[in-house]
Amino acid sequence: MGGSVNMVEENLKLAYGENSDLIKEKRIAGVQALSGTGACRLFADFQKRFSPGSQIYIPVPTWVNHHNIWRDAYVPQNTFHYYHPESRGLDFASMMEDIKNAPNGSFFLLHACAHNPTGVDPTEEQWREISQQFKVKGHFAFFDMAYQGFASGDPERDAKSIRIFLEDGHLIGCAQSYAKNMGLYGQRVGCLSLVCDDEKQAVAVKSQLQQLARPMYSNPPIHGALIVSIILGDPELKKLWLKEVKGMADRIIGMRSALRENLEKLGSSLPWEHITKQIDMFCYSGMTPKQVDRMTKEFHIYITRNGRISMARVNTGNIGYLANVIHEVTK
Ligand code: PMP
């Protein structure tokens, strides 16, 4: 039920660090999960079973499926401020207020890096403050890490938020996915891990996670997991993978700069710094649903109605056309 032991081991090293004491002390309960979605769902079911009546605090906005996942697991939801529409950045002050005002010991869902849909992440300094406040309040942080490596091009750097929480001694949870950073969407490879007080507790927690998996899907698929464990377990293949992840991330970063430059050259009077400030695959452009509808109907450019552009689809061949159309509909 827990899937590939080798893959889980490699996963934990990627999220928690190659030389993590938590791994050495066997304090992490980790199971292979059905990609990032399955890891979140397994955790939501675990929360429901072992902390009945608790709720989950979810950022506004978030990946829409987060709401579906915790709803279907019958865990009540609350929200916390995250995005600041005027600055197209983080509403850090309101976020901190919400963290302070939540009842002690609340569960919070945090995007470890590359927040979907906004592309807006806290800075390292802000993560430290968030972690400190979580400590004061005794909150539990559940990190959804669907894009490790995609944000900066370096999986170690993208795990910084988690590492800061670990330095502060939090017992965190983490959902990992290989859909994006290894292109394994269809294989459903991921991992759910929970940091425990000691090895004995980790064994018990893992066993309970397996009990939850058994009547739901029995065991996760093996082939994608083998791909991940072979690549991450072989130093040469891992080096090659890291190079390719960086190549993908750098290409997206390059497209962001080019899109902003194109819009500025066209004479757009709107501010577009957020295109390069936000990170990873998504650009929360600030375009209205009406402007998006015009892009779709008149120009056949398809983005979500909340104005989110998938930067992975932007390339040297279509960027000129895209910039022209954005300029046209936002005039
Ligand atoms: N979390 C977030 C924030 C995501 O954006 C995604 C993918 N869109 C996932 C989790 C899960 O993806 P998957 O189940 O394909 O790994």
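What follows is a walk through a predicted model, from its nonpolar core out to its helix pairs and a few backbone oddities.

Let's start in the middle. The largest nonpolar core has 92 residues, and the members that touch the most others are F43, A141, F142, F143, I162 and L192. As general background, nonpolar side chains in soluble globular proteins tend to be buried together. Take F143 from that list and look at what surrounds it. Setting aside anything within four places in sequence, F143 is in contact with L110, A112, S161 and I162, and also with I172, G173 and C174.

G173 makes a good next stop. This glycine sits in strand 8, which covers residues 173–177. Is G173 buried or exposed? There are 23 other C-beta atoms within 10 Å of G173, and 20 or more is what it takes, so G173 is buried. Its contacts, again leaving out residues up to four places away in sequence, are F43, F142, F143, S193 and L194. Notice that F43, F142 and F143 are also on the list of core members that touch the most others. For a sense of scale, try going from G173 to Y302: the two are 129 residues apart in sequence, and their C-alpha atoms are 35 Å apart in space.

Now for the helix pairs. In general, two packed helices are described by the angle between their axes and the distance between the axes. Begin with helix 1 (residues 5–16) and helix 10 (residues 223–233), whose axes come within 8 Å and cross at roughly 55°. With that angle, helix 1 and helix 10 are therefore oblique to each other. Helix 1 passes helix 10 in a left-handed crossing. On the helix 1 side, the residues that meet the partner are N6, M7, E10 and L14, while helix 10 brings A225, V228, S229, L232 and G233. Sorted by class, this contact has 5 nonpolar, 3 polar and 1 charged residues.

The next pair is helix 3 (residues 35–50) with helix 4 (residues 64–72), which pack at an angle of about 35° with their axes 9 Å apart. Here the crossing of helix 3 past helix 4 is right-handed. T37, C40, R41 and A44 of helix 3 make the contact with N65, H66, I69 and W70 of helix 4. The split by class is 4 nonpolar, 3 polar and 1 charged.

R41 deserves a closer look. What puts this helix 3 residue in the buried class? R41 has 22 C-beta neighbours inside 10 Å, and the cut-off is 20 or more, so R41 counts as buried. Beyond its neighbours within four places in sequence, R41 is in contact with I69 and A73. Along the chain, R41 and E129 are 88 residues apart, and 28 Å separates their C-alpha atoms.

The third pair is helix 13 (residues 289–299) and helix 14 (residues 319–330), with axes that come within 10 Å and cross at roughly 125°. That angle makes helix 13 oblique to helix 14. The crossing of these two helices is right-handed. Helix 13 contributes Q291, R294, M295 and F299, and helix 14 answers with V325, V329 and T330. By class, the residues of this contact divide into 4 nonpolar, 2 polar and 1 charged.

Finally, the backbone has some spots to check if you like looking at torsions. Which peptide bonds are cis? One runs from V60 to P61, with omega near -5°, and another from N116 to P117, with omega near 15°. P61 is in the loop between strand 2 (56–60) and helix 4. P117 belongs to the loop between strand 6 (107–111) and helix 6 (124–137).

That second loop, between strand 6 and helix 6, also holds A114. A114 is not a glycine, yet it has a positive phi of about 55°. With 25 C-beta neighbours inside 10 Å, A114 counts as buried. S35, in helix 3, likewise has a positive phi, of about 60°, although it is not a glycine. S35 counts as buried too, with 26 C-beta neighbours inside 10 Å.

Terms used. Residues numbered from 1 in each chain as written. Predicted model: local features only at pLDDT ≥ 70, side-chain atom pairs only at ≥ 80, totals over all residues. Core = buried A, V, L, I, M, F, W, Y, C linked by C-beta atoms within 7 Å. Buried ≥ 20, exposed ≤ 12 C-beta atoms within 10 Å, placed from the backbone. Contact = placed C-beta atoms within 7 Å. Axes fitted to C-alpha atoms, helices over the stretch in contact; angles between N-to-C directions. Helix = DSSP H or I, 4+ residues; strand = E, 2+ residues; numbered from the N terminus. Parallel < 35°, antiparallel > 145°, perpendicular 65-115°, else oblique. Left-handed = near helix turned anticlockwise from the far one by under 90°. Nonpolar A, V, L, I, M, F, W, Y, C, P; charged D, E, K, R; others polar.
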